[in-house]
Amino acid sequence: MFTLTELEAAARLIHQAFPPTPQVAWPLLAVRCGVDVHVKHENHTPTGAFKVRGGLVYMNRLKRERPSVKGVVSATRGNHGQSLAYAGQRHGVPVTILVPHGNSSEKNAAMRAFGARLVEHGEDFDAAREEAMRLAAVEGLEFAPSFAPDLVKGVATYALEFFRDAPPLDALYVPIGLGSGICGCILARDLLGLGTEIIGVQSTGAPSYALSYAAGQVVTTPRADTLADGMATRVPDAAALAIIRAGAARIVTVTDDEVAAAIRAYWQDTHNLAEGAGAAPLAALLQERGAMRGKRVGLVLCGGNIDLDLFRDWVLGTA
C-alpha cells in the first residue's frame with residue numbers, strides 16, 4: 001500500500017500540524033496488568049483522536065491533485081469526521097459530515113467547531129454512509145471513505161512513532177472500527193521488519209471483523225450494539241479484512257462492562273480520559289493478562305472523545 005519512504009514523508013507532513021504524540025510506560029498500569037505496558041497517547045492530537053493523521057494526508061493529496069474540488073462529504077460516528085473537518089479547514093476545503101441520529105452531541109459540536117456542515121441521517125453509521133454517498137453524487141462532492149490508502153498511511157504514522165520510540169514490543173493491542181488503525185499498525189510493523197504480534201480488539205456487541213476473521217470472508221451483522229461508538233461497525237471493509245487476516249495474530253472481543261472498567265483504570269492509573277474504543281485495548285489486555293505475563297505490551301489509546309453524560313452514566317454508573 002505504501003513504502004517506508006512514503007510513510008516517513010507522511011509523518012513529516014503530519015508533524016507540520018502537531019508533534020509526535022507521547023508514548024508512556026505507566027507504573028500503575030504495569031502493576032494492574034502484570035506486564036511491562038507502554039501506551040501510545042493518540043488522545044493527545046489536536047482532535048483528541050488518531051484519525052486526524054489520515055485526514056491530513058488525505059486532504060493534502062486531494063488539494064494537490066484537485067485544487068478546485070468543490071468539497072468533501074463523509075460519514076462518521078465522530079473521530080473520522082473531526083479529522084476531515086480539521087484537515088479541510090487547514091486546506092480550505094468545505095466538509096460535509098453525515099452522522100446517525102443520536103450521535104455523540106459533543107463530537108457533533110466539535111465537528112461543527114472545526115467548520116463542518118453536519119447532517120443527521122439514519123439509525124447507525126452504515127445508514128449515514130449510504131446517505132453520504134448519495135449526497136456526493138447529488139451535490140458534486142468528493143466522497144471520503146472511512147478506509148482508504150491515504151487514511152491508512154496517515155494513521156500508520158502513529159505506529160511508526162510508537163515502534164521507533166518504545167522498547168521492542170512483543171505485542172500491540174489495537175481497536176478495530178473500520179480497520180484503518182490496525183491495518184496501519186500491521187503495515188508499519190512489516191515495513192520495519194519487526195516481530196511484534198498485532199492483536200485486534202472488537203466489542204462483543206459489534207463483532208463483524210471478529211466473525212469475518214474467523215470465517216475467512218466478510219460477515220456483516222444486523223446490529224452494532226455497543227456504547228464504544230468507535231467500534232460500532234456492522235459491515236467490514238474487504239480490503240481491510242485482507243490485511244488483518246494476513247497480519248493480525250487474533251481478534252479479542254470485549255464487553256461494554258470490560259471497556260468501562262478500562263476507562264476507569266486509565267483515569268485512576270494515568271489520569272487520562274479514554275473513549276470506549278480508546279480503552280478497548282486495555283480491556284483486552286486485562287482479559288489476557290495471564291497469557292501476556294512476562295511480555296512487553298503496547299496499547300493504543302486511540303482517542304479520548306467521550307461525552308460527559310456517557311462517561312457519567314456508563315463509566316461512573318458501573319459498579
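Take "buried" to mean under 20% relative accessible area: by that cut-off, 58% of the 319 residues in this chain are buried. Keep in mind that we're looking at a predicted model. The chain carries 14 helices and ten strands. Its radius of gyration comes out at 18 Å, close to the 20 Å that the globule rule gives for 319 residues, so the chain is as compact as a globular protein of that length.

**Overall build**
- Along its principal axes, the C-alpha trace spans about 55 × 45 × 40 Å.
- Of the contacts with a separation of 6 or more, 74% link residues that sit 24 or more positions apart.

**The sheet**
- Six of the strands make an open sheet with mixed pairing, and the order to trace is β1-β2-β10-β7-β8-β9.
- At the edges you'll find β1 (23-24) and β9 (250-254), each of which pairs on one side only.
- As a reminder, strands of a sheet pair through backbone hydrogen bonds, either parallel or antiparallel.
- Strands β2 (residues 36-41) and β10 (residues 296-301) run parallel and are joined by six bridges.
- For a spot to look at in that pairing, try His 38, whose bridge partner in β10 is Gly 298.

**Surface and charge**
- About 12100 Å² of the chain is exposed, with carbon and sulfur atoms supplying 52% of that area.
- The chain has 30 positive and 32 negative charges, and the mean positions of the two sets lie 4 Å apart.

Conventions: Residues are numbered from 1 along each chain as its sequence is written. This is a predicted model: local features need pLDDT of at least 70, side-chain atom pairs count only at pLDDT 80 or more; totals for chains, interfaces and linings use all residues. Side-chain values use heavy atoms; hydrogens and water are left out. Helices (H or I, at least four residues) and strands (E, at least two) are DSSP runs, numbered from the N terminus. The radius of gyration is taken over C-alpha atoms; the globule rule is 2.2 Å times the number of residues to the power 0.38. Buried means under 20% relative accessible area, exposed over 50%, partly exposed in between (1.4 Å probe, protein chains only). Contact means heavy atoms within 4.5 Å. Accessible areas come from the Shrake-Rupley method with a 1.4 Å probe; for residues, only the protein chains shown count as cover. Lys and Arg count as positive and Asp and Glu as negative; His and the chain ends are not counted. The place of a charge is taken as NZ of Lys, CZ of Arg, CG of Asp or CD of Glu. Two strands pair if DSSP finds at least two bridges between them.
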